Amino acid sequence: MLKTSPELMRRLRLAGMVVCTVACAALLPLGAVGAMFSPLVFDQGANLFNPLAWLGFLLMIGFWIVCILGPFVAWVFWTRNRHDMAWAALSVPFVWAFLLAGVLQFIPA
């Protein structure tokens, strides 16, 4: 079994934080375009009274904001040596994206 030093583990965690931050930055333009097109969930008349359509609308509007705030808050926690909270904050944009994709599947076209 390989033994890893604490310094190597710290560097790997730091590299993971950087990779996830870059991924959030790459998702940011997608979130901005989604926010612009978010009113399209109400194209069908009955969707105005559909709670899932409203949830999808709010998730689409908030996605680009979460892509900005998630990494920012994560790096603040990282500098304060609260690594678990940093990873939790950094995972929020990805969880948000999966939730958004799941909700949008059930909105009638």
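Where is the place of Asn81? In this predicted model, Asn81 lies in the loop between helix 2 and helix 3. Its backbone deserves attention, since Asn81 has a positive phi of about 60° although it is not a glycine. The side of the residue open to solvent can be stated as well: Asn81 is exposed, with a relative accessible area of 59%.

From this loop one may turn to the interior. The largest nonpolar core holds nine residues in all, namely Val41, Phe42, Ala53, Phe57, Leu59, Met60, Leu100, Val103 and Ile107. Helix 2, spanning 51–79, and helix 3, spanning 83–104, each supply at least two residues of this core. The largest share, four residues, comes from helix 2. Leu59, one of the core residues, illustrates how contacts reach across the sequence: leaving aside its neighbours within four places, Leu59 is in contact with Trp96, Leu99, Leu100 and Val103. Two of these partners, Leu100 and Val103, also belong to the largest core. There is, in addition, a second, separate core of seven residues, which includes Met17, Cys24, Ala86 and Ala89.

Cys24 leads on to the cysteines. A search of the whole structure finds zero disulfides. Cys24 is accordingly in no disulfide, and the nearest cysteine sulfur, that of Cys67, is 5.4 Å away. Why does the sulfur of Cys67 form no bond with that of Cys24? The separation of 5.4 Å is too far for a bond, given that a disulfide requires the two cysteine sulfur atoms to be within 2.5 Å. Both residues are nevertheless enclosed by the protein: Cys24 is buried, with a relative accessible area of 0%, and Cys67 is buried, with a relative accessible area of 4%.

The final topic is empty space. Rolling a probe the size of a water molecule over the atoms shows where such space is left. In the largest pocket there is about 160 Å³ of it. The lining consists of Leu27, Leu30, Gly31, Gly34, Met60, Phe63, Ala97, Leu100, Ala101 and Leu104. Helix 1, spanning 6–36, helix 2 and helix 3 are the elements that give two or more residues to this lining. In character, the lining divides into eight nonpolar residues, two polar and no charged. The pocket and the largest core share residues: Met60 and Leu100 appear in the lining and are likewise members of that core.

Note on methods: Residues numbered from 1 in each chain as written. Predicted model: local features only at pLDDT ≥ 70, side-chain atom pairs only at ≥ 80, totals over all residues. Heavy atoms only, no water. Core = buried A, V, L, I, M, F, W, Y, C linked by side-chain atoms within 4.5 Å. Buried < 20%, exposed > 50% of the residue type's maximum accessible area, 1.4 Å probe, protein only. Contact = heavy atoms within 4.5 Å. 1 Å grid on protein atoms, 1.4 Å probe; cavity = no way out; pocket = protein on both sides within 12 Å on 5 of 7 lines; lining within 4 Å. Points joined across faces, edges and corners; volume = space filled by probe spheres on them. Nonpolar A, V, L, I, M, F, W, Y, C, P; charged D, E, K, R; others polar.
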